[in-house]
Amino acid sequence: MNTFEIKEDFLLNGEPFKILSGAIHYFRVNPSDWYHSLYNLKALGFNTVETYVPWNLHEPKKNQFDFDGILDLERFLSTAQELGLYAIVRPSPYICAEWEFGGFPAWLLNEPARIRSNDAVYLKHVADYYDVLLEKIVPHQLSNGGNILMIQIENEYGSYGEEKEYLRAVRDLLSERGITVPFFTSDGPWRGTLRAGSMIDEDILVTGNFGSKAKENFASMQRFFDEYDKKWPLMCMEFWDGWFNRWKEPIIQRDPQELAEAVKEVLAQGSINLYMFHGGTNFGFMNGCSARGVIDLPQITSYDYDAPLDEQGNPTEKYFALQKMLRENYPELQQKEPLVKKSLEKKNIPLTDKVSLFATLETISEPTQSKYPQTMEELEQNTGYLLYRTMIEKDAAEERLRVIDGRDRSQLFVNHELQATQYQTEIGEDIDVQLSQANNQIDILIENMGRVNYGHKLFADTQKKGIRTGVMADLHFITNWRQYCLPLDSCENVDYSKEWQPNQPSFYRYEVPLTEIEDCFIDLSQFGKGVVFVNQTNIGRFWEVGPTLSLYIPKGLLNEGMNEIVIFETEGMYQPTIQLIKAPLYKNMKEG
């Protein structure tokens, strides 16, 4: 039986072991590409893969669990083991990861519980989740013949709280359900976060997260270890080799040679987990959001991260710079040539059908009625869009309307004509409209653009989406609303036999015959804002503001023969043909 211990060194079967790990999140990579990405990690000379586990995907509704397809964690771990890779698993209730709500399921917002605390209601939900999740993890521990070396208790908790009772409670939940491999925590490398977020006094390994200045950061960690007389190996659990990106901002890049030298500096003193090794994609509505003052800044669908493997999983200049550095400094490492996937191109794919959202609304959503608007969470909807509808009488030729306390993006229509588009800082401002009829239909389409994944606003009321107070005409709140939930997990019930009108949110359907399938990107530079479905799978959001103007389509979503691509677009912008291209398309806003 293999053994892994944490002494003054990491010991694998009693011998010193330097962990060379790379982060690959199974839930951000199509399962058909898991082998490709893991092979390229092993081919670099690395020996371990690290992954988070997203609670919100595995338990999207309370007590309803999903471990199929892209969520088949066991298959991912087995594939890694077959390639000779060990694993570090981070099933922390909270993962950050630039992921929707930091991995928490949105239904927690309806619960009378304080997250990331010793709150009994919250911990009961964690326990119920772990009852199911850990049955998938326990058999894959090294001590059970699997490849898992270590398990994380919580994630950067020192940047959120300092409640040791909570950390002990999570540790106990893991232990009671069969986790026997060593535990660890990971935090910023300075004393404040290490003290608040670690369990050093209970002999649980402390690791640090940083992206440069390894000597200084490891020295800070060592001073903290010395306070408690701990003689532990140093490890950077997240060495940030790139960065995530937000809408309207330039793509962030890091020089490959500088990165290779920075990684060399880490390895001179300790072990490493490159975050990310392969970033992948925030498919669907799973992008996270940065908290900034009174506003939140949503992140983009691509999680390319400027990582050693690009969004497709192909090696970049960073990969080869790391390969060269490792070959020169650690010649004993076994390296191989990485795998490279092909891409396809398909031009001038004609539009097959189109229909306005308002025309097909009743076929894709059943309305609920209430006196005042309800939030997305009250309607038990996690992500996507929500359409509110009511009728108002004409009291004056011109009326002042206001959406009070809505999140995140609002489009207000009167009798199907767009009157105003508002964002967080604008929602609540006056919308002056002309009322041409005795009775007028008001439609408000709200988009949840993503919940924050890090910081003090993690569980604030601002993370509840939709209209949270009401809508006013003149000086009074409007009553009697119908709400249409539009989670847009698929678009299978869209009825294209119904009417299309210009300048309305609409569905556009294209059919694509393919004789061979490879990865590709869909060019969305001539569309406004929305999401794309490939054979009924939501592959993510697009927005003309950039920095990305395309979406990645993994070959695992395509079929030999006919394929369906549906674009849901909210701005009234579309094209009679679309293009599948070989490489991603960016707005001209890259920076180094």
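These exercises work through a sheet, a helix and a loop residue in a predicted model.

**Exercise 1. The sheet**

Task: Find the order of the strands in the open sheet of eight strands, and say which are the edge strands.

Solution:
- Step 1. Read across the sheet. The order is E28-E27-E30-E25-E14-E31-E26-E29, and the pairing is antiparallel.
- Step 2. Look for strands that pair on one side only. These are E28 (537–543) and E29 (550–553), the edge strands.
- Step 3. Check the twist. From one strand to the next, it averages 30°.
- Step 4. Zoom in on one pair. E25 (residues 506–514) and E30 (residues 561–569) run antiparallel, joined over nine bridges. Val512 has Asn563 in E30 as its bridge partner.
- Step 5. Add the helix. H10 (residues 357–364) packs on the sheet and touches E14 (346–356), E25 and E30. The directions of H10 and E14 make an angle of about 75°.

**Exercise 2. An edge strand**

Task: Which residues point each way from E29, and are they buried or exposed?

Solution:
- Step 1. Sort the side chains. Ser550 and Tyr552 point one way, while Leu551 and Ile553 point the other way.
- Step 2. Judge burial. All four residues, Ser550, Leu551, Tyr552 and Ile553, are buried.
- Step 3. Find the partner strand. E26 (residues 520–523) pairs with E29 in the antiparallel sense, over four bridges. Cys520 stands opposite Ile553.

**Exercise 3. Helix H4**

Task: Test whether the span of H4 (residues 120–137) agrees with 1.5 Å a residue.

Solution:
- Step 1. Work out the expected span. H4 has 18 residues, so it should span 26 Å.
- Step 2. Compare. The end C-alpha atoms lie 24 Å apart, which agrees.
- Step 3. Look along the helix. A kink of about 35° is centred on Asp131.
- Step 4. Inspect the N-terminal end. Asp119 caps it, with a side-chain oxygen 2.9 Å from the backbone nitrogen of Val121.
- Step 5. Pick out buried residues. They include Tyr122, Leu123, Tyr130 and Ile137. The buried residues of H4 pack against helices H2, H3 and H5 and strands E6 and E7.

**Exercise 4. A loop residue**

Task: Where is the place of Gln463, and why does Gln463 count as buried?

Solution:
- Step 1. Locate Gln463. It sits in the loop between E21 (439–447) and E22 (466–473).
- Step 2. Apply the cut-off. Buried means under 20% relative accessible area. Gln463 has 0% relative accessibility, so it counts as buried.
- Step 3. Follow the side chain. The side chain of Gln463 reaches the backbone nitrogen of Val452 at 2.9 Å.
- Step 4. List contacts beyond four places in sequence. Among them are Leu109, Asp296, Glu377 and Arg468.

Terms used:
Residues numbered from 1 in each chain as written. Predicted model: local features only at pLDDT ≥ 70, side-chain atom pairs only at ≥ 80, totals over all residues. Heavy atoms only, no water. Pairing = 2+ DSSP bridges. Helix = DSSP H or I, 4+ residues; strand = E, 2+ residues; numbered from the N terminus. Axes fitted to C-alpha atoms, helices over the stretch in contact; angles between N-to-C directions. Contact = heavy atoms within 4.5 Å. Expected span 1.5 Å × (residues − 1). Bend = angle between axes of the 7 residues up to and from the residue. Buried < 20%, exposed > 50% of the residue type's maximum accessible area, 1.4 Å probe, protein only. Polar contact = N/O pair within 3.5 Å; in protein donor to acceptor, adjacent residues only side chain to side chain.
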